[in-house]
Amino acid sequence: MKQPPIRQPLIVGLGRSGAGLHLRALRTALDRSPDAWRGPVVAVDPRPGERAPVPDGVTVTPSLEEARALVPPERAVVHVCTPPAARLAVLTELCEAGYRDLIVEKPLVAGAGELAAVAELRAHHGLRLAVVAHWPASALAGRLRELIGTDGSTDPGGSTDPARPGGLGRLLRVDVTQHKPRFTRSLRTDDGHPTAFDVELPHSLGLVLSLAGPAETTRARLTDLRIGETVRPGLGSALLELRHANGVRSRLFSDLTAPVRERRALFAFERGTAVAHFAPSDADDHVQLVVDGEREVFRDDALTAFLRRAYARFADVPAEDPSWAEDFALHADVVRLLDEAKRRCAETVPGARREEAPRVAAP
């Protein structure tokens with residue numbers, strides 16, 4: 001039986017995500033599994049070094065056509081690390097060039113208007129498409145699934161031991177806080193992330209949908225970034241409240257003007273609480289889980305684990321396997337809910353759902 005070729009990474013976009021996060025995780029994955037992929041890493045960026053320094057050991061080409069000569073489609077796993085606003089054009093070009101195995105940065109696209117076009121690309125070209133979702137793929141999320149239980153209710157034995165699946169009882173509420181100061185990038189006019197809904201919330205929205213199931217929006221709020229007389233509409237903070245089909249309520253809040261970083265998710269159950277502290281940045285891969293006051297700290301390099309799993313799936317799981325469609329549906333829901341939230345905040349009554357963030361004094 002013919003063995004599938006060991007894959008070679010092709011990174012499209014050498015900004016913060018491509019040059020920093022993806023490349024670091026790829027190298028860590030290779031350290032842990034020498035056959036995870038084969039190099040050299042090739043990247044496509046017409047202006048390398050503009051957003052982030054070009055890493056050592058990366059072959060940079062200005063166009064996809066030149067990259068294709070170095071990494072043919074049958075050998076490549078493409079990491080799409082361009083901003084979401086340009087995502088559809090990049091995916092279309094990759095499909096036309098013959099690439100079929102894609103790892104796409106979150107969110108999948110910037111809005112629901114582009115989602116149908118991406119779904120058509122996926123169906124027409126038989127794409128195997130993995131959207132970066134390292135929070136749902138993390139060991140911390142796995143621990144949360146154990147606490148929730150397979151159906152979100154008590155386990156068959158009715159245990160009240162928090163350590164057992166369902167031991168805390170039925171999940172009632174999820175409250176996620178994602179704060180980080182992001183002034184420099186938000187002040188750029190070409191950052192590619194149009195609102196605060198597009199920056200941090202795709203992480204937490206994918207997490208709560210994967211843990212608590214399908215949901216609908218009940219409330220959305222967006223604020224502007226204001227520094228002195230400078231205003232960046234929609235890039236201050238974002239609030240999204242959801243009602244899941246099983247009755248769970250979720251509240252997701254992200255403030256891009258906060259003085260400190262925080263990535264925390266509180267899960268309220270019938271008989272207790274669990275608080276998950278995700279790594280606040282790529283500087284440290286330790287996470288924390290507090291269950292009814294008992295705290296545990298452990299390492300959880302979620303992005304590396306996600307990429308290793310994605311490469312393994314590209315090697316073993318055919319495009320017609322239903323798991324690809326299930327993954328796509330989850331991330332399509334993320335785009336749909338974020339798009340609906342943005343539309344709610346842009347309704348015609350000024351200030352009805354859009355508010356001003358506290359003004360930050362200019363230096």
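A disulfide is taken here as a pair of cysteine sulfur atoms within 2.5 Å. By that cut-off this predicted model holds zero disulfides. Select Cys81 and Cys345 to begin. Cys81 counts as buried because its relative accessibility is 9%; Cys345, at 5%, is buried as well.

**Stop 1: the six-strand sheet**

Select strands β1 to β6. They make up an open sheet with the order β3-β2-β1-β4-β5-β6, and the pairing is parallel. β3 (58–61) and β6 occupy the edges with a single partner strand each, so one side of each has no neighbour in the sheet. On average, neighbouring strands of this sheet are turned by 25° against each other, direction ignored.

Now zoom in on one edge. Strand β2 (residues 41–44) runs parallel to β3, and four bridges join them. To find the register, label Ala43, which stands opposite Val60 in β3.

Add helix α1 to the selection. α1 packs on the sheet and touches β1 (8–12), β2, β3, β4 (76–80) and β5. The direction of α1 makes about 170° with that of β1. Helix α3 (residues 87–96) also packs on the sheet, where it touches β1, β4 and β5. For α3 the angle is taken with β4 and comes to about 165°.

**Stop 2: salt bridges**

Side chains of opposite charge can pair when their charged atoms come close. The model has 21 salt bridges; three are visited here.

Stay with the sheet and select Arg128 and Asp101. Their closest N and O atoms are 2.8 Å apart, and the two form a salt bridge. Arg128 belongs to strand β6 (residues 128–131) and Asp101 to strand β5 (residues 101–104), so this pair ties together parts that are 27 residues apart in sequence. Are these two residues buried or exposed? Arg128 is buried, at 13% relative accessibility, and Asp101 is buried at 7%. Add Arg7 to the selection: Arg7, Asp101 and Arg128 are linked in a network of salt bridges.

Next select Arg24 and Asp301, a salt bridge whose closest N and O atoms are 3.6 Å apart. Arg24 sits in helix α1 (residues 16–32), while Asp301 is in the loop between β15 (294–299) and α8 (302–316), so the pair ties together parts that are 277 residues apart in sequence. Arg24 counts as partly exposed, at 29% relative accessibility, whereas Asp301 counts as buried, at 14%.

The last pair is Arg263 and Glu200, with closest N and O atoms 3.1 Å apart in the salt bridge. Arg263 is in strand β12 (residues 262–269) and Glu200 in the loop between α6 (183–187) and α7 (201–212), so parts 63 residues apart in sequence are tied together. Both Arg263 and Glu200 are buried.

**Stop 3: strand β11 and its partners**

Select strand β11 (residues 249–255). How many of its seven residues are buried? Five are, which leaves the strand mostly covered.

Show the two partners of β11 described here, β7 and β10. Strand β7 (residues 171–179) pairs with β11 in the parallel sense, over seven bridges. At His179, look across to Asp255 in β11, which stands opposite. Strand β10 (residues 237–244) pairs with β11 in the antiparallel sense, also over seven bridges. Here Leu242 stands opposite Ser250 in β11.

Follow the chain from β10 into β11. The two strands form a hairpin with four residues between them. In the turn, select Gly247 and read its phi, which is positive at about 100°.

**Stop 4: the nonpolar cores**

In soluble globular proteins, nonpolar side chains tend to be buried together. The largest nonpolar core in this model has 48 residues. Which residues have the most contacts inside it? They are Phe197, Leu205, Leu240 and Phe267. α7 supplies the largest share of this core, seven residues.

Centre the view on Leu205. Leaving aside neighbours within four places in sequence, Leu205 is in contact with Leu240, Leu242, Leu252, Val334, Leu337 and Leu338. Leu242 was met at the previous stop, opposite Ser250.

Apart from this core lies another, of 29 residues. To locate this other core, select some of its members, including Leu10, Leu102, Val109 and Ala332.

Technical notes. Residues numbered from 1 in each chain as written. Predicted model: local features only at pLDDT ≥ 70, side-chain atom pairs only at ≥ 80, totals over all residues. Heavy atoms only, no water. Buried < 20%, exposed > 50% of the residue type's maximum accessible area, 1.4 Å probe, protein only. Pairing = 2+ DSSP bridges. Salt bridge = Lys/Arg side-chain N within 4 Å of Asp/Glu carboxyl O. Core = buried A, V, L, I, M, F, W, Y, C linked by side-chain atoms within 4.5 Å. Contact = heavy atoms within 4.5 Å. Axes fitted to C-alpha atoms, helices over the stretch in contact; angles between N-to-C directions.
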